[in-house]
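Visitor: I should like to learn how to read the features of a structural model. Please take me through one, step by step.

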Amino acid sequence: MRRIAVVPGSFDPVTRGHLDVIARAAGLFDELHVLVVHNPGKTALLPITQRVALLQRSIADAGLPDNIVVSSWSMGLLVDYCLEVGASVLIKGIRSQIDVAYETPMAIVNRNLAAVETVFLLPDPANAHVSSSLVRQVAALGGDITPYVPRAVAEFLQKAPV
Ligand code: PNS
């Protein structure tokens with residue numbers, strides 16, 4: 001049986017922390033879907049198509065395995081996407097207890113909705129302070145984001161400051 005997992009998120013923009021979790025997850029499953037999902041609780045920086053393009057470019061540049069598919073979903077529940085592609089596992093990166101508190105209710109609801117289990121992965125502690133929201137803030141104020149994001153993201157935001 002093919003083991004298929006989904007790494008969902010806003011990826012606005014993808015960070016080095018995200019790439020770390022994606023690389024670890026790709027080594028654990030036969031097929032990994034990296035899924036850009038609109039989060040209505042957040043003010044978006046980049047359009048979803050741009051986030052997908054930057055993810056594809058960053059994954060290729062990092063030489064990650066070819067069992068990774070990048071996609072987006074705006075048709076309803078996250079678990080509906082999982083059922084559509086045959087994924088039984090969601091992957092979330094956990095940086096701190098705050099992430100555990102944020103992710104746990106969603107994990108329980110997703111399991112109740114469709115028997116999709118959530119696996120928490122620990123990124124390299126070197127990335128524990130990295131978040132898309134901090135990157136957005138530093139970029140908006142003209143600071144250097146290169147330590148926190150893949151090269152493709154830094155180049156894109158430098159060329160087209162938002
Ligand atoms: O990177 P983020 O913003 O923390 O990702 C949050 C995301 C997109 C994974 C979350 O908002 C989500 O799962 N949205 C899909 C909507 C859904 O299925 N909700 C019900 C179950 S929690």
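**Reading the ligand site and the salt bridges**

Guide: In this predicted model, an oxygen atom of the ligand lies 2.9 Å from an N or O atom in the side chain of Asn39. Lys42 offers a side-chain N or O atom at 2.7 Å from a ligand oxygen, and for Tyr102 the corresponding distance is 3.3 Å. The protein covers 79% of the 550 Å² of accessible area that the ligand has on its own.

Visitor: Which residues surround the ligand?

Guide: A list of surrounding residues shows which parts of the chain line a site. Here the ligand is surrounded by Gly9, Ser10, Val37, Asn39, Lys42, Leu77, Leu78, Lys92, Tyr102, Met106 and Asn110.

Visitor: What does UniProt list for residues 7-137?

Guide: An annotation from a record is best read beside the computed secondary structure. The unreviewed UniProt entry lists residues 7-137 as "domain: Cytidyltransferase-like". Over residues 7-137 the chain is 44% helix and 20% strand, and the C-alpha atoms at the two ends are 24 Å apart.

Visitor: How many salt bridges does a search of the whole structure find?

Guide: A salt bridge requires a side-chain nitrogen of Lys or Arg within 4 Å of a carboxyl oxygen of Asp or Glu. The search of the whole structure finds nine salt bridges. One of them pairs Arg2 with Glu31, with the closest N and O atoms 3.0 Å apart. Arg2 lies in the segment before strand 1 (4-9) and Glu31 in strand 2 (residues 31-37), so this pair ties together parts that are 29 residues apart in sequence.

Visitor: Are Arg2 and Glu31 buried or exposed?

Guide: The relative accessible area decides the class: under 20% is buried, over 50% is exposed, and values in between are partly exposed. Arg2, at 49%, is partly exposed. Glu31 has 18% relative accessibility and therefore counts as buried.

Visitor: How should I read a salt bridge inside one helix?

Guide: The sequence spacing of the partners is the point to examine. Arg151 forms a salt bridge with Glu155, the closest N and O atoms being 3.6 Å apart. Both residues belong to helix 6 (residues 151-159) and lie four residues apart, about one turn of the helix. Arg151 counts as exposed, at 56% relative accessibility, whereas Glu155 is partly exposed at 31%. Elsewhere, salt bridges that share partners join Asp12, Arg51 and Arg136 into one network.

Visitor: Which residue forms a salt bridge with Glu117, and how far apart are the closest N and O atoms?

Guide: The partner of Glu117 is Arg111, and the closest N and O atoms are 3.2 Å apart. Glu117 is partly exposed, with a relative accessible area of 37%; Arg111 is likewise partly exposed, at 39%.

Visitor: Which residues does Asp61 touch, not counting those up to four places away in sequence?

Guide: Leaving out sequence neighbours brings out contacts made through the fold. On that basis, Asp61 touches Arg151 and Ala152. Asp61 lies in helix 2 (residues 48-61) and is partly exposed at 43% relative accessibility. Asp61 and Pro150 are 89 residues apart in sequence, with their C-alpha atoms 8.6 Å apart.

Visitor: With which residues is Arg3 in contact, leaving aside its neighbours within four places in sequence?

Guide: Arg3 is in contact with Phe29, Asp30, Glu31, Ser88 and Val89. Arg3 lies in the segment before strand 1 and is partly exposed, with a relative accessible area of 37%. The C-alpha atoms of Arg3 and Gly76, 73 residues apart along the chain, are separated by 23 Å.

Terms used:
Residues numbered from 1 in each chain as written. Predicted model: local features only at pLDDT ≥ 70, side-chain atom pairs only at ≥ 80, totals over all residues. Heavy atoms only, no water. UniProt positions renumbered as here; feature names shortened; annotations may be inferred. Buried < 20%, exposed > 50% of the residue type's maximum accessible area, 1.4 Å probe, protein only. Contact = heavy atoms within 4.5 Å. Near = heavy atom within 4 Å. Polar contact = N/O pair within 3.5 Å; in protein donor to acceptor, adjacent residues only side chain to side chain. Areas by Shrake-Rupley, 256 points an atom, 1.4 Å probe, with all protein chains shown as cover.
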